[in-house]
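Trainee: Please take me closely through one part of this model, the place where two of the chains meet. I would like one connected account.

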There are 4 protein chains.
Amino acid sequence: MKKIIEKAYNLGREKTQQGKVADYIPELSKVDRDQVGLCMITKDKKMISAGAYDTYFTMQSMSKVIPLILTLEENSHDHVFNRVGVTPSAESFNSIKQLETMNEHKPLNPFINAGAILTLSMVSGQDYEHKFQKIISLAEVLMDRRGLEIDEAVYASEKATGDRNRALAYYMSSTKIYNGDVEKILDIYFRMCSLKVNCVDIANIASVLSNKGKSIYTGQQLISKASTRAVNAIMASCGLYNGSGEFAVQVGLASKSGVGGGIMSVVPETCGIGVFSPALDEHGNSIVGIEMLKYLSETMELSMY
Amino acid sequence: MKKIIEKAYNLGREKTQQGKVADYIPELSKVDRDQVGLCMITKDKKMISAGAYDTYFTMQSMSKVIPLILTLEENSHDHVFNRVGVTPSAESFNSIKQLETMNEHKPLNPFINAGAILTLSMVSGQDYEHKFQKIISLAEVLMDRRGLEIDEAVYASEKATGDRNRALAYYMSSTKIYNGDVEKILDIYFRMCSLKVNCVDIANIASVLSNKGKSIYTGQQLISKASTRAVNAIMASCGLYNGSGEFAVQVGLASKSGVGGGIMSVVPETCGIGVFSPALDEHGNSIVGIEMLKYLSETMELSMY
Amino acid sequence: MKKIIEKAYNLGREKTQQGKVADYIPELSKVDRDQVGLCMITKDKKMISAGAYDTYFTMQSMSKVIPLILTLEENSHDHVFNRVGVTPSAESFNSIKQLETMNEHKPLNPFINAGAILTLSMVSGQDYEHKFQKIISLAEVLMDRRGLEIDEAVYASEKATGDRNRALAYYMSSTKIYNGDVEKILDIYFRMCSLKVNCVDIANIASVLSNKGKSIYTGQQLISKASTRAVNAIMASCGLYNGSGEFAVQVGLASKSGVGGGIMSVVPETCGIGVFSPALDEHGNSIVGIEMLKYLSETMELSMY
Amino acid sequence: MKKIIEKAYNLGREKTQQGKVADYIPELSKVDRDQVGLCMITKDKKMISAGAYDTYFTMQSMSKVIPLILTLEENSHDHVFNRVGVTPSAESFNSIKQLETMNEHKPLNPFINAGAILTLSMVSGQDYEHKFQKIISLAEVLMDRRGLEIDEAVYASEKATGDRNRALAYYMSSTKIYNGDVEKILDIYFRMCSLKVNCVDIANIASVLSNKGKSIYTGQQLISKASTRAVNAIMASCGLYNGSGEFAVQVGLASKSGVGGGIMSVVPETCGIGVFSPALDEHGNSIVGIEMLKYLSETMELSMY
């Protein structure tokens with residue numbers, strides 16, 4: 001297996017010049033595009049890794065999984081899915097038009113920006129700081145570590161250039177789908193996107209999702225079985241933005257990507273995978289990340305389908 | 001002519017129970033729907049009026065004409081129309097989707113909310129207060145009076161419920177079409193919409209537009225001929241939101257409506273007309289106002305077409 | 001006046017290298033782009049012309065005016081406008097999406113292809129041939145001449161490449177807006193678009209529309225006053241496809257263009273104008289045609305606004 | 001297991017009054033809504049069934065799987081997915097607007113009508129009849145039986161009311177995505193949708209897809225592993241129209257529905273399931289079918305996620 005991982009890594013290394021590092025947030029564009037990391041954590045607690053597996057990068061949209069889990073655990077699934085859909089989007093992740101054209105102005109799913117802002121707003125808490133602390137706590141539990149930190153430069157950059165997200169939030173506020181203080185929710189949203197993680201962290205979260213919600217280390221049920229299944233199903237159809245369908249055909253693993261270059265992949269009852277490389281395809285997904293996952297899926301026959 | 005005006009007024013009175021008073025701004029919904037006002041000011045300075053012609057109501061979207069004039073006078077028309085289109089919209093006045101789908105993310109025209117916020121932002125000024133003072137000054141000059149006031153309750157209501165407009169402004173900011181402080185521009189926008197006017201004021205503005213930009217009282221050129229023609233052309237095709245085409249067929253006068261219930265109509269080289277009645281049709285235009293204008297247009301053969 | 005017309009013509013001649021001759025119908029692309037024609041016919045029956053004013057070209061979308069007039073004359077305006085809107089379109093003339101997204105699946109206006117096919121289907125007749133004969137008859141009456149002919153090569157080309165129009169017609173058939181045999185209506189539609197006209201023909205039609213529906217030669221009421229007004233109003237806001245708003249600001253005349261390079265313009269109570277030059281702008285309107293009309297409008301102060 | 005199947009069936013029986021039998025094709029609306037059928041065929045060739053498991057109904061959209069398989073087997077996957085996407089649609093199955101708005105005018109996926117018509121057109125064959133025979137042959141092989149028949153009344157009804165599909169095909173023809181005779185392809189399409197199948201047939205097809213493309217009876221590779229995986233992946237994200245995301249969360253099985261009331265479900269390496277009951281939800285999926293699958297998935301822990 002170590003060999004397959006090495007092979008995947010080497011294959012990835014060859015493709016780091018393709019695609020484009022995210023530049024819509026100025027701070028993100030400064031990153032070194034040659035970085036490639038990979039980490040797989042199996043159900044029997046083995047960790048196989050390669051390259052920049054312990055390099056930190058920002059979590060970006062992979063973080064959207066956390067408030068979704070919290071919201072599903074705190075509410076009935078019906079309540080949640082009455083407010084946010086589970087329909088994949090054929091549009092870009094920051095598209096606004098479907099908030100206007102779709103029935104009831106519901107965001108299509110929890111992984112486009114509008115949907116993530118909405119699920120984040122549904123997390124209970126005495127105040128916005130409390131909400132954020134719950135996000136951090138759950139993230140740390142799932143990553144099996146402490147001391148999660150924010151990349152302050154990225155956070156400042158997200159905040160300074162976040163007008164599209166402001167538009168999405170104010171639009172949802174105008175249709176009464178969303179309640180609350182827009183700037184304060186977005187502040188949490190930007191901080192959550194700026195969390196510094198590495199491939200090990202990502203693989204650890206995925207390992208829980210691959211294990212019906214239980215820690216592979218302690219056997220403790222960290223997420224209910226039902227919520228785990230829902231999150232995996234949504235990742236399978238909406239996890240790579242409008243590249244999700246193609247990814248399902250080519251890789252076939254419930255996954256969530258982020259524009260920081262990370263992808264988190266779940267192999268049910270087998271392992272969790274975290275990959276990282278900054279250059280992105282036209283949908284905003286790591287090109288090298290997808291290539292490596294494709295290789296792993298084919299070679300090890302990991303596809304769910 | 002007095003008789004025709006009276007007849008139009010009586011015809012209007014019969015229809016005040018149709019339609020719906022605007023309620024998206026809570027304060028607007030409190031108005032008495034039975035009010036009907038009408039005022040015509042002819043090129044030779046005669047004023048014929050009926051009903052509640054001197055009752056105050058808020059200017060709302062009719063005010064969008066003022067920053068459009070200012071922007072056209074301060075810039076080349078090319079410069080202005082490179083940033084805001086002159087294409088009528090088949091969508092509602094507060095629609096956001098075309099900002100996403102149209103080329104260059106330009107607002108379709110200066111009379112949908114997005115376009116008006118944008119032209120307002122283009123008015124020069126040392127600061128936002130200065131911009132607003134220029135709006136007020138031009139409005140007073142065109143209305144031939146002083147002491148224009150804001151309806152503070154409506155202003156507060158607009159501001160409290162203005163999230164759709166915030167979404168539009170932040171969206172334009174995210175695509176770099178718009179520059180500036182969103183909350184500050186919207187503050188001017190909400191104040192401008194809350195200006196208290198009556199049918200005489202409206203007819204006076206229209207009289208200038210009907211007179212190639214000259215005051216009918218002093219003969220002074222208040223607006224350049226070219227800008228006057230542009231404003232009238234845009235009013236003719238975009239002035240009644242997505243009801244503009246129907247209005248062109250039925251009435252045929254360059255006009256601008258507001259959800260406060262007012263409509264301003266220009267009869268080239270003849271007269272300016274102001275009508276008022278609060279209940280609106282599904283496009284947001286005064287039902288009684290349109291009925292009265294239709295009667296006047298048919299009886300006096302005023303249609304441009 | 002002759003001088004102004006000459007000047008406009010010369011101005012036009014300089015710009016024949018701009019833009020692109022229509023090529024979506026192969027036959028149209030064979031035309032000589034250097035041709036420029038212009039004809040003005042005044043209320044007192046004077047004809048001033050320049051250049052290729054008597055060269056034949058195909059009528060294309062200008063022909064849409066004919067079934068619109070027939071339908072308006074045969075039905076109450078309410079009946080017509082319940083089936084086809086009068087809302088300008090921000091989309092291309094052969095766009096289909098608004099048939100799906102707009103209320104009741106009504107075509108936005110009678111001058112986009114869908115709307116023209118629909119109004120054509122509403123013209124009464126014992127059979128399709130009879131309908132077509134009525135189109136020809138009215139066209140000849142308005143042009144004050146006999147012997148109108150079809151350009152057989154263009155007709156064959158339109159028919160061979162008319163799948164977009166088939167899609168529009170079948171879509172309308174599926175929503176029950178349209179009734180009848182799609183291929184037979186489209187056959188008339190393609191023949192109508194292929195009628196050979198010159199600038200004099202076009203100016204003659206416009207002269208009737210500029211004269212409240214009366215022949216300038218005989219004084220006979222050829223089109224009712226009400227239908228004339230409706231047609232002019234729709235031309236003013238929808239006549240140049242999604243370039244209509246811009247044209248209203250720059251020229252300000254109720255007009256109808258065709259991709260054959262012709263534009264028909266109405267100056268109320270003054271004259272009818274026909275211009276022709278094949279190269280088109282991005283909306284499908286004759287570039288040189290617009291330039292000449294703009295010059296005429298500015299110099300002679302013809303704008304309605 | 002027999003008990004669970006019985007329980008699912010009884011649960012389904014209670015809900016046959018919900019929803020609406022398809023009526024867009026008049027012939028479909030005549031069916032008895034009380035019918036409920038269910039059949040499961042396991043990898044070790046056991047068949048467990050209940051209710052109207054051997055009643056015939058028309059295959060409708062479930063038949064779209066057959067030309068997709070043929071096309072994938074005859075071409076490189078890249079070639080196929082360059083012409084038809086694998087993106088789930090948030091719109092109705094017969095929507096046309098995304099053919100206009102999406103890049104390259106590609107149908108979003110092979111299971112919306114446009115996409116199915118396109119994949120059907122890509123199946124090789126000496127003529128249209130030959131293409132259709134290949135469809136029938138593959139269907140019979142996958143169903144492990146002979147004598148597949150068409151419901152002539154439904155076929156005639158589909159053909160008579162198929163204008164929306166004509167619009168889709170002509171639109172694709174106008175953008176050059178599609179080549180061929182529209183009426184002839186649609187004739188095959190309508191015949192294919194009218195094939196009479198029962199739950200056993202459906203479960204048999206699903207059993208092949210659940211067995212990496214091999215017959216569970218003979219072990220023969222009927223579909224390549226790669227094509228099987230692609231078909232399952234597309235069914236997982238696009239198989240229940242715009243209800244696919246919800247179904248993934250609630251049931252979690254790669255499935256394809258038809259408006260005849262059938263649903264085909266694949267449980268990888270375990271079994272194939274066919275369910276049937278005519279009344280549909282707002283997306284066009286069998287309400288009772290989904291309820292039974294949901295019960296089976298929960299009770300037997302079948303979800304892939």
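Mentor: Start with two chains that do not meet: no contact (heavy atoms within 4.5 Å) joins chain B and chain D, and their closest C-alpha atoms lie 9 Å apart. Likewise, chain A and chain C do not touch, with 9 Å between their nearest C-alpha atoms.

Before the details, some ground rules: this is a predicted model, in which local features need pLDDT of at least 70 and side-chain atom pairs count only at pLDDT 80 or more, while totals for chains, interfaces and linings use all residues. Residues are numbered from 1 along each chain as its sequence is written, chains are lettered from A and ligands numbered from 1 in the order in which they are written, and side-chain values use heavy atoms, with hydrogens and water left out.

Chain B and chain C do touch: 30 residues of chain B are in contact with 30 residues of chain C. The size of an interface is often given as the accessible area lost when the parts come together. Here the two chains bury about 2500 Å² between them, and 63% of that is on carbon and sulfur atoms. Buried area is the accessible area (1.4 Å probe) that two parts lose on being put together, summed over both. In chain B, the residues that lose the most area to chain C are R229(B), V249(B) and Y305(B), which together account for 29% of what that side buries.

Next, the polar side of the interface. Four salt bridges are counted between chain B and chain C, a salt bridge being a side-chain nitrogen of Lys or Arg within 4 Å of a carboxyl oxygen of Asp or Glu. One of them joins the side chains of K225(B) and E301(C), at 2.9 Å from N to O.

As for where the chain B side comes from, α11 (225-238) and α12 (244-250) of chain B are the elements that give two or more residues to the side touching chain C. Helices here are DSSP runs (H or I, at least four residues), numbered from the N terminus. The largest share, eight residues, comes from α11(B).

By type, the residues on this side of chain B divide into 15 nonpolar, eight polar and seven charged. In that division Ala, Val, Leu, Ile, Met, Phe, Trp, Tyr, Cys and Pro count as nonpolar, Asp, Glu, Lys and Arg as charged, and the others, Gly among them, as polar.
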